[in-house]
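Thank you for making time for this. I would like to walk through one structure with you, a few places at a time, and please have it open in front of you as I go.

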Amino acid sequence: MRSFAGRDILSLKGFERAEFEHVFQVADELEPIARARRSTDLLAGKTLVTAFYQPSTRTRLAHEAAMHRLGGNVLGFSDAKMTRAGDFYQESIKDTVHMLEYYGDAIVMRHFQQGAPHEAARWASIPVINAGDGWGEHPTQVLTDLYTVRRELGQVDGLTFLCIGDMRMRTMHSIGYALTQFDAEMIAVAPPEMSLTEEFTAELAAQNLDVRQVDHVAEAIGEADVIYMEPVVQADYTASRDERGEQVGTTPENYRVTRELLREAKSDAIVLHSLPRMDELPPDVDDTRHARYWEEAYYGVVMRMALLSLVLGAQER
Ligand code: CP
């Protein structure tokens, strides 16, 4: 297994089974600190730089919370408009990163351009963590999701994942890559214009993950152990909630998970959603025995604690 110390976390493509297990083990070791709402000095003297060129609630704050729990420092920006990258100068990633590497010991970057964190990693002498790059990947989210599955269901092997929503989204790419490393099944439900590309499906098949595609969530909900959701109604990030008014679409029943539909699910099936949600997951699902998205948010802090402690060399390997 490759060492994590000093390493970039950019993609789950090529992330090996032993690496998943190691990250989960480190997360298990650190989880009691988060559960007790304590902090330690494991990363005292280390600084995380947050470089968020796209909005985020969970990913940025979970990384920041993780860093605080581990006794480290955080600085950064959450809106590129407040930086020279977002104004008249349109400062390049290369120039920006050459500055950021002097300000901290690791960079966590979200960017609207696919591959931007990879570009940052080319120039940075410190680890770069991909917090979501355009339609690319969202590796720390999917590590969080699989860790949640392991905590809630005991293991990932042997499970069927019913993935619902826009298959072009970055989480769907990362979960596909991740599941190639487990004895798991993946079923996809998406509108035709949002389905998995032939190229990506073939790439997963070449790694022995054959994705079955169905038209309606009702066709497969009874088989699922993990109901893994993303919206199909995409937010218009250029408009406020007030401005968007009637423009918001509604999600077809094919891609919604409701209380009524969950009557057809296995009794121990869990629903994950990286959030934010639209109408594909009504709030009255929250108090069913299936909902695990709040636990998923909690484990998001634990997983970032594990990743930061690993890439900053505070853990063995
Ligand atoms: N899950 C997730 O990526 O949420 P944010 O966009 O709020 O970071």
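Methionine 99 is a residue of helix H3, and since this is a predicted model, please take that placement, like everything that follows, as a reading of a prediction. With a relative accessible area of 38%, methionine 99 is partly exposed, because that value falls between the 20% below which a residue counts as buried and the 50% above which it counts as exposed. Methionine 99 also belongs to a nonpolar patch on the surface, which it forms with Leu75, Tyr102 and Tyr103, and together these residues have about 450 Å² of accessible area. Which helix gives the most to this nonpolar patch? That is helix H3, which spans residues 93-103 and supplies three residues.

Just ahead of that helix, glutamine 90 sits in the loop between strand E2, residues 73-77, and H3. Its phi is near 50 degrees, a positive value in a residue other than glycine, and glutamine 90 is exposed, with a relative accessible area of 56%. Arginine 37 can be described alongside it: its phi is near 55 degrees, again positive in a residue that is not glycine, and its place is in the loop between helix H1, residues 17-35, and strand E1, residues 47-52. Arginine 37 counts as exposed too, at 69% relative accessibility.

Let me turn now to the ligand. What surrounds the ligand? Around it are Ser56, Thr57, Arg58, Thr59, Arg110, His138, Gln141, Ser274 and Leu275. Looking at individual atoms, a backbone N or O atom of arginine 58 lies 2.9 Å from an oxygen atom of the ligand, while in arginine 110 a side-chain N or O atom is 2.8 Å from a ligand oxygen. Glutamine 141 places a polar side-chain atom 3.0 Å from a nitrogen atom of the ligand. The ligand on its own has 250 Å² of accessible area, and the protein covers 90% of that.

Leucine 275, one of the residues around the ligand, leads into a further detail of the backbone, namely that the peptide bond from leucine 275 to proline 276 is cis, with omega near 5 degrees. Proline 276 itself lies in the loop between strand E9, residues 270-273, and helix H9, residues 293-311.

The last region I would like to show is helix H6. Is H6 mostly covered or mostly open? It is mostly covered, with ten of its ten residues buried, among them Met172, His173, Ile175 and Tyr177. Histidine 173, in this helix of residues 170-179, has a relative accessible area of 17%, and it is buried because the limit is under 20%. Leaving aside its neighbours within four places in sequence, histidine 173 is in contact with Trp135, Gly136, Glu137, Met167, Arg168 and Phe200.

After the helix comes threonine 180, in the loop between H6 and strand E6, residues 185-189. Threonine 180 is also buried, with a relative accessible area of 13%, and its side chain reaches back to the backbone oxygen of tyrosine 177 at 2.6 Å. If we again leave aside neighbours within four places in sequence, threonine 180 is in contact with Leu204, Gln207 and Leu209.

That is where I will stop, and I am glad to go back to any of these places.

Key. Residues numbered from 1 in each chain as written. Predicted model: local features only at pLDDT ≥ 70, side-chain atom pairs only at ≥ 80, totals over all residues. Heavy atoms only, no water. Helix = DSSP H or I, 4+ residues; strand = E, 2+ residues; numbered from the N terminus. Buried < 20%, exposed > 50% of the residue type's maximum accessible area, 1.4 Å probe, protein only. Contact = heavy atoms within 4.5 Å. Patch = residues over 30% accessible without salt bridge, like charges linked within 9 Å, V, L, I, M, F, W, Y side chains within 5 Å. Areas by Shrake-Rupley, 256 points an atom, 1.4 Å probe, with all protein chains shown as cover. Salt bridge = Lys/Arg side-chain N within 4 Å of Asp/Glu carboxyl O. Near = heavy atom within 4 Å. Polar contact = N/O pair within 3.5 Å; in protein donor to acceptor, adjacent residues only side chain to side chain.
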